[in-house]
Amino acid sequence: MIPDADADDFRVPLRHSWHPVAVAAEVAPDAPSRATLLGQPLLLLRGDDGVHAYTDVCVHRGAQVSLGWMDDGRVRCPFHGWAYDPVTGGCVEIPSQPGRPVPSKAQLAAHHCVEHVGLVWVSLDEPVVPMPEFPEFDDDRFRVVVCPPYDWDCHASRRVENFLDFAHFAWVHPGTLGDRDFPEVPEHEVWQDGDRIRIRQPRPEPRNDSVKTGGLDGDAEHTDDGRVMSVMHYVGYPPLAAQLRQELPAGREYAVFLAASPIDDHTTRTFWHVARTYARDQPDDDFVRFQVEVVAQDRPIVES
């Protein structure tokens with residue numbers, strides 16, 4: 001049974017949920033793109049009205065259409081040259097039978113597909129929960145960086161759990177997110193807000209300006225031992241996305257958006273953005289490097 005989207009129920013079937021499958025800017029109109037979601041090979045085609053997602057199987061002999069090419073605005077299957085319209089998914093030409101009508105059943109299987117916050121999202125079946133949000137993406141105060149996706153050998157739920165788990169900071173991320181001399185988890189609030197979970201946590205921030213590029217400078221509240229205080233705002237979106245917005249000194253804000261896309265039961269592709277309201281003239285790589293360092297520390301633990 002599929003739960004009502006408005007019901008107080010977090011048991012959402014993954015086939016009925018939105019998942020990112022590609023960075024939108026990387027799906028070009030002049031070539032087919034491929035992806036995999038929940039073990040399902042996908043063909044991504046950019047038409048005049050946006051990106052469309054289909055099961056990556058030619059209805060003729062089962063070849064992957066993504067191995068083909070674009071020809072006069074249509075995608076050709078590499079096996080026998082059948083041509084498909086990228087918007088409708090219908091076959092419009094069978095070269096081996098010129099002049100004969102194309103069977104109405106010659107149609108690629110379509111999936112729900114939209115572009116949102118710089119990513120291509122697909123729901124294999126009718127979606128029953130809202131799309132995850134990242135309001136910073138369209139907020140002019142923020143400089144947003146759409147970062148390269150990466151793959152881990154783990155279930156997607158483990159990736160999101162790791163992002164929302166701050167009890168491991170002192171042990172896995174000493175000097176970047178935590179301090180082993182202070183392993184206690186700071187007091188925090190957790191509450192349900194509709195279909196999502198929210199967490200608010202004031203916490204001391206380890207000073208690490210070499211990778212945070214001045215985010216801790218300026219007047220700020222300090223602990224008795226001199227650590228700078230920040231406020232963390234987490235949001236968990238069902239089933240497999242989350243974001244963090246961090247209030248830093250002097251009104252600065254830093255944000256991370258993460259969506260764990262289940263390639264299959266054992267492999268997860270993480271799509272992620274970072275955003276900031278400060279140091280906008282500094283290289284984006286400085287801020288991406290900080291998150292890459294954190295992720296490199298997390299990966300062997302989560303994959304284990």
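Good morning. I begin with one pair of residues: serine 33 has leucine 44, in strand E3, as its bridge partner. Please keep in mind that what we are looking at is a predicted model.

Let us widen the view from that pair to the strands around it. Strand E2, residues 33-37, pairs with E3 in the antiparallel sense, and five bridges link them. The two strands form a hairpin with two residues between them, and in this hairpin leucine 38 takes a positive phi near 55°.

On to the next partner of strand E3. E3 and strand E4, which covers residues 50-55, are antiparallel and pair over six bridges. Within this part of the model, leucine 42 stands opposite threonine 55 in E4. Here too there is a hairpin, and E3 is joined to E4 through two residues.

Is strand E3 largely enclosed or left open by the rest of the structure? Strand E3 spans residues 40-47, and six of its eight residues are buried, so the rest of the structure largely encloses this strand.

I turn now to a sheet further along the chain. Four strands make up an open sheet, in the order E5-E6-E7-E8, with antiparallel pairing. Strand E5 (69-71) and strand E8 (91-93) are the edge strands; each has a single partner strand, so one side of each has no neighbour in the sheet. At the E8 end, strand E7, residues 83-84, pairs with E8 over two bridges, again in the antiparallel sense. Tyrosine 84 is found opposite cysteine 91 in E8.

My last topic is the nonpolar interior. Which residues have the most contacts inside the largest nonpolar core? That core has 31 residues, and the ones with the most contacts inside it are Phe163, Tyr234, Tyr254 and Val274. Several elements give two or more residues to this core, including helix H1 (156-164), strand E14 (228-237), strand E16 (253-264) and helix H4 (284-303). Helix H4 supplies the largest share, namely six residues.

Phenylalanine 163 deserves a closer look. Setting aside neighbours within four places in sequence, phenylalanine 163 is in contact with Tyr234, Ala242, Gln243, Leu244, Val256 and Leu258. Apart from this core lies another one, of 16 residues; Trp121, Val235, Ala241 and Phe271 are among them.

To close, I return to two of these points. Strand E3 pairs with E2 over five bridges and with E4 over six. Elsewhere, the largest nonpolar core takes its largest share of residues from helix H4. Thank you for your attention.

Definitions and conventions. Residues numbered from 1 in each chain as written. Predicted model: local features only at pLDDT ≥ 70, side-chain atom pairs only at ≥ 80, totals over all residues. Heavy atoms only, no water. Pairing = 2+ DSSP bridges. Core = buried A, V, L, I, M, F, W, Y, C linked by side-chain atoms within 4.5 Å. Buried < 20%, exposed > 50% of the residue type's maximum accessible area, 1.4 Å probe, protein only. Contact = heavy atoms within 4.5 Å.
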